[in-house]
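Biologist: Could we go through the charged side chains of this protein together? I would like to begin with the pairs and then turn to the surface.

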Amino acid sequence: PNIDKAIISTHCHNDLGVAVANSLAGVAAGARQVECTINGLGERAGNVPMEETVMALLTLYDIDIGIKTEKLKPLADMVAKIAKIDIPTNRPIVGDDLFKIESGIIATWLLNCGLGEDLTTVVPFRPNLVGQENPVAVIGKGSGVDNVKHHLDNHQIKYTDEQAMEILMAVKDWGLVHKRLMKDDEFKKLAEETLAD
């Protein structure tokens with residue numbers, strides 16, 4: 001057989017969390033095929049996740065392999081439903097919380113600059129590229145005062161700068177206890193109770 005016609009393939013498992021990196025190294029060394037699975041499903045820690053590999057090739061190396069990337073999130077959700085395996089909310093590319101911005105400094109940037117051309121200075125790719133929703137500023141223990149003001153404005157709650165800071169401190173206390181993001185109704189209740197004091 002002619003060795004030049006052989007297709008060299010990578011087949012990585014993710015036991016050490018480096019399946020994507022190993023697959024990229026294989027491509028760099030000449031592999032023309034990456035054996036992967038949706039959501040990285042497979043035995044033990046799973047196989048190399050297709051969605052992460054596709055986006056790493058595209059965003060880091062400008063290699064477009066022809067996959068409709070805007071279908072990655074819906075595909076991952078469908079496979080998770082069929083396999084009855086939840087996708088961690090912080091999962092790269094397809095996690096539900098990937099574009100929920102809690103950090104005060106990043107949320108301030110997002111709220112001031114919006115979804116324009118500079119968005120990729122905050123996130124590595126536009127959410128719609130993988131079928132995700134646009135970034136939103138959310139409320140949690142890592143939030144800043146601009147997150148709070150934004151949500152107060154959304155609820156049409158009047159406040160002073162000093163009151164916004166009081167609400168922010170209450171949000172941080174709440175976040176330390178509950179260890180999750182606040183739901184919209186929880187924030188409204190906490191804000192109203194803090195302003196009533």
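Modeller: A definition is needed beforehand: a salt bridge is a side-chain nitrogen of Lys or Arg within 4 Å of a carboxyl oxygen of Asp or Glu. Please also keep in mind that this is a predicted model.

Biologist: How many salt bridges does that rule give?

Modeller: The count comes to 10 salt bridges. One of them joins the side chains of Arg44 and Glu43, with an N to O distance of 3.5 Å.

Biologist: Are Arg44 and Glu43 buried or exposed?

Modeller: Arg44 is exposed, and Glu43 is exposed as well. These two residues also belong to a network of salt bridges, in which they are linked with Asp15.

Biologist: Which residue does Arg91 pair with?

Modeller: The side chain of Arg91 forms a salt bridge with that of Glu51, at 3.9 Å from N to O. This pair links distant parts of the chain, 40 residues apart. Arg91 sits in the loop between α3 (72-83) and β3 (100-101), whereas Glu51 belongs to helix α2 (residues 50-61).

Biologist: Why does Arg91 count as buried?

Modeller: Arg91 counts as buried because its relative accessibility is 16%, and the cut-off for buried is under 20%. Glu51 is buried too, with a relative accessible area of 1%.

Biologist: What about Lys73; where is its partner?

Modeller: Lys73 meets Asp77 in a salt bridge, with 3.0 Å between N and O. Both residues lie in helix α3, four residues apart, which is about one turn of the helix.

Biologist: And how are Lys73 and Asp77 classed by accessibility?

Modeller: Lys73 is buried, with a relative accessible area of 7%. Asp77 is partly exposed, at 33%.

Biologist: Changing topic to the surface: which residues form the negative patch?

Modeller: The negative surface patch is formed by Glu162, Glu166, Glu193 and Asp197. Of these, Glu162 is found in helix α6 (residues 161-178). Glu162 counts as exposed because its relative accessibility is 59%, and exposed means over 50%.

Biologist: Finally, what is the mean pLDDT of the protein chain?

Modeller: The mean pLDDT of the protein chain is 92, and 98% of its residues reach 70 or more.

Biologist: Which elements have the lowest and highest mean values?

Modeller: Helix α4 (residues 104-113) has the lowest mean pLDDT among the elements of the protein chain, at 85, and α3 has the highest, at 98. The salt bridge between Lys73 and Asp77 discussed above therefore lies in the element with the highest mean pLDDT.

Notes: Residues numbered from 1 in each chain as written. Predicted model: local features only at pLDDT ≥ 70, side-chain atom pairs only at ≥ 80, totals over all residues. Heavy atoms only, no water. Buried < 20%, exposed > 50% of the residue type's maximum accessible area, 1.4 Å probe, protein only. Helix = DSSP H or I, 4+ residues; strand = E, 2+ residues; numbered from the N terminus. Patch = residues over 30% accessible without salt bridge, like charges linked within 9 Å, V, L, I, M, F, W, Y side chains within 5 Å. Areas by Shrake-Rupley, 256 points an atom, 1.4 Å probe, with all protein chains shown as cover. Lys, Arg positive; Asp, Glu negative; His and termini not counted. Charge placed at Lys NZ, Arg CZ, Asp CG, Glu CD. pLDDT = per-residue confidence, 0-100.
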